[in-house]
Amino acid sequence: MITSIVLIKTSVDRIPEIAEKIAALDGVSEVYSVTGAHDLIAMVRVARHDDLADIIPGQISKVPGVASTETHIAFRTYSQHDLEAAFAIGLDS
């Protein structure tokens, strides 16, 4: 699974509507409304790198109100949930 973090600048008066449209796209697992230089952060999870091109410039960037995107591809994922699950393997609850 390839995880991509997409920083999105939008029309600020339409953030909720834009976020909902992006969240409904296949491959987008979450969309966060955030403070700072960007308005939204979308998490995109796909099986192949080629799928990123279909989703990010092909769909997210074309949502009306999206002004720009900046994409970061994750090398590894570190998660407290993953660590807890790994340490719990073989243990009785």
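Helices and strands are taken here as DSSP runs, a helix having at least four residues and a strand at least two, and they are numbered from the N terminus. With this convention, D39 is found in the loop between β2 and β3. The structure described below is a predicted model, and the position of D39 is taken up again once the overall arrangement of the chain has been set out.

The secondary structure of the chain consists of 3 helices and 4 strands, which follow one another along the sequence in the pattern β-α-β-β-α-β-α. The chain has 93 residues, of which 29% are buried. Among the contacts between residues at least 6 apart in sequence, 66% join residues that are at least 24 apart. The chain exposes about 6,300 Å², and carbon and sulfur atoms supply 55% of this area.

Helix α1 spans residues 15–23, and I15, I18, A19 and I22 are buried within this helix. These residues cover an arc of only 100 degrees around the axis, and they therefore lie on the same side of α1. The arrangement can be read against a general property of helices: an α-helix has 3.6 residues a turn, so residues three or four places apart point the same way. On the face of α1 turned away from the buried side, the exposed residues P16 and E20 are found. The cover over the buried residues of α1 includes strands β1 (2–10), β2 (28–33), β3 (40–46) and β4 (66–73).

Strands β2 and β3 pair in the antiparallel sense over 5 bridges, and within this pairing V31 stands opposite A42 in β3. The two strands form a hairpin with 6 residues between them, and G36 in the turn has a positive phi of about 110 degrees. A salt bridge is also formed between R45 and E30, whose closest N and O atoms are 3.0 Å apart. This pair links distant parts of the chain, since R45 belongs to strand β3 and E30 to strand β2, with their positions 15 residues apart in sequence. Both partners can be described by their accessibility: R45 is partly exposed, with a relative accessible area of 33%, and E30 counts as partly exposed at 29%.

In the loop between β2 and β3, D39 counts as buried, because a residue is called buried when its relative accessible area is under 20% and the value for D39 is 14%. A polar atom of the D39 side chain lies 2.7 Å from the backbone nitrogen of T10. D39 and T10 are 29 residues apart in sequence, and their C-alpha atoms are 6.2 Å apart in space. When residues up to four places away in sequence are not counted, D39 touches I8, K9, T10, V12, I15, Y32, S33 and V34. One of these residues, I15, is also among the buried residues of α1.

A second buried residue with a polar side-chain contact is S4, which lies in strand β1 and has a relative accessible area of 0%. A polar atom of the S4 side chain is 3.4 Å from the backbone oxygen of H72. Leaving aside neighbours within four places in sequence, S4 is in contact with A42, M43, V44, L52, I56, T71, H72 and I73. Among these contacts of S4 is A42, the residue of β3 that stands opposite V31.

The count of salt bridges in the model comes to 3. As a general point, side chains of opposite charge can pair when their charged atoms come close. Besides the pair formed by R45 and E30, the side chains of D50 and R48 meet in a salt bridge at 3.6 Å, N to O. R48 also forms a salt bridge with D51, and here the closest N and O atoms are 3.0 Å apart. R48, D50 and D51 are thus linked in a network of salt bridges. Within this network, D50 counts as exposed at 51% relative accessibility, whereas R48 counts as partly exposed at 45%.

Methods: Residues are numbered from 1 along each chain as its sequence is written. This is a predicted model: local features need pLDDT of at least 70, side-chain atom pairs count only at pLDDT 80 or more; totals for chains, interfaces and linings use all residues. Side-chain values use heavy atoms; hydrogens and water are left out. Buried means under 20% relative accessible area, exposed over 50%, partly exposed in between (1.4 Å probe, protein chains only). Contact means heavy atoms within 4.5 Å. Accessible areas come from the Shrake-Rupley method with a 1.4 Å probe; for residues, only the protein chains shown count as cover. The arc is that of the directions from the helix axis to the C-beta atoms. A polar contact is a pair of N or O atoms within 3.5 Å; within protein, one must be able to donate a hydrogen and the other to accept it, and residues adjacent in sequence count only if both atoms are side-chain atoms. A salt bridge is a side-chain nitrogen of Lys or Arg within 4 Å of a carboxyl oxygen of Asp or Glu. Two strands pair if DSSP finds at least two bridges between them.
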